[in-house]
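Reader: I am new to this structure and would like a close look at a single part of it. Could you choose one helix and take me through its surroundings with care?

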Amino acid sequence: MTREHGERGDGLVASKPYRVSIEDVGDRAAAAFLGFASGDALGATAEFLTPTEIQAQFGVLRDIVGGGWLRLPAGSVTDDTEMSLCIARSIVEVGFSPQDIAERFAAWLKTAPRDVGATCRRGIRRYIVEGTVFAQPSEMDAGNGAVMRMLPIALASVGDSSVLAKWSTAQAHITHYHPLSDAACLIFGQLLHLALVGHGKPRLLALTDDFLSHYPTFKFDGKFVQSSAYVVDTLRTVLRAFFETNTFEDCVVRTVNWGGDADTTGAIVGALAGAYYGLQEIPRRWSKKLQGEVAKEVQRLARDLVARSPVAARPLNVDVPRVFLRGLIE
Ligand code: MN
Ligand code: MN
């Protein structure tokens, strides 16, 4: 995949559709998952801090140094990546099965992970006790725990938005059943789909505007919103950072330095920016810092998920602006 710096986002319109190569989608998928894990590891340091506290401690937090309230070793990822890995491994090994995903969540919970959201824990416990893979609708379920594990679903469904919609809801409802969580899962998945096949920011912004016309509560502007586990704050933070920046690193650094639920916003925006900007823009100092085999495993799983996706079986003809397509045209 080749792309000149700053080439995207100028809104040129394609004269005719091009075929997107599966290799390129695989590269972008690998970048998305690597960006996700990097954003998680970077942001964990700043989780629950305010921007002022982050500034006092780090100036600008732009290196993976660990610490934070979880006292993580540098390069550790948290529940966001761990739960996403559960879903990714599950789909690669058995296809999409909420039952199998829930089983892996249960096994993960039994390892006593450092960080588990309350709604996730409750949903997984319900699965362990009752064997059900659907949470009851609940006013309390508007947390970001379902959207934070959407990436593998988007990678496995790229090329078919109806598959995305079906799987997105099914995976979310294992723990979270709330219309705002459902909406956030879907728009995040749809934005990933566009970025994965090489669309530019004007296309992603048009989709976002359409979404916001239906869900105005997610509207964002230049004003600071302290992100929290509330999915509306999470998504507003992510969208603002993505559309206000022009490189992968700026995007993720800006996001995590806003603090709040910084590992989760960092991870989500890292996935979107990774898919959008591509592997070569992910700082090597971040990917090298990730502990153990995580960097390798997420990239391998990302490519395996795309290889199982509808786009692999039936290459898309998509209207992608010509200038964005260098390296994509077969
Ligand atoms: Mn986390
Ligand atoms: Mn978090």
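Author: The model is a predicted one, and of the 330 residues of the protein, 53% count as buried. Its secondary structure comes to 15 helices and two strands, and among the contacts with a separation of 6 or more, 77% join residues that are 24 or more positions apart. With that as background, the part to look at is helix α3, which covers residues 79-94.

Begin with the length of the helix. At 1.5 Å a residue, the 16 residues of α3 should span 22 Å, and because its end C-alpha atoms are 22 Å apart, the expected span and the modelled one agree. After the helix comes Gly95, whose phi is positive, near 85°.

Next, consider how α3 sits in the protein. A residue is counted as buried if 20 or more other C-beta atoms lie within 10 Å of its own, and 12 of the 16 residues of α3 are buried, so the helix is largely enclosed by the rest of the structure. The buried residues include Asp79, Asp80, Thr81 and Glu82, and Met83, Ser84, Leu85, Cys86, Ile87 and Ala88 are buried too, as are Ser90 and Ile91.

What do these buried residues pack against? Their partners are α1, α4 (98-109), α6 (151-157), α7 (161-172), α12 (262-277) and α14.

Two of those partners, α1 and α14, also pack against each other, and that pair is worth following in detail. The axes of α1 (residues 22-43) and α14 (residues 294-307) come within 8 Å and cross at roughly 140°, which makes α1 oblique to α14. The crossing in which α1 passes α14 is right-handed. On the side of α1, the contact is made by Val25, Gly26, Ala29, Ala30, Ala32, Phe33, Leu34 and Ala37, while α14 contributes Val294, Ala295, Val298, Gln299, Leu301, Ala302, Arg303, Leu305 and Val306. Sorted by class, the contact of α1 with α14 has 14 nonpolar, two polar and one charged residues.

To draw the picture together, α3 is a helix with 12 of its 16 residues buried, and its buried residues pack against helices that include α1 and α14, whose own axes come within 8 Å of each other.

Notes
Residues numbered from 1 in each chain as written. Chains lettered and ligands numbered in written order. Predicted model: local features only at pLDDT ≥ 70, side-chain atom pairs only at ≥ 80, totals over all residues. Axes fitted to C-alpha atoms, helices over the stretch in contact; angles between N-to-C directions. Helix = DSSP H or I, 4+ residues; strand = E, 2+ residues; numbered from the N terminus. Parallel < 35°, antiparallel > 145°, perpendicular 65-115°, else oblique. Left-handed = near helix turned anticlockwise from the far one by under 90°. Contact = placed C-beta atoms within 7 Å. Nonpolar A, V, L, I, M, F, W, Y, C, P; charged D, E, K, R; others polar. Expected span 1.5 Å × (residues − 1).
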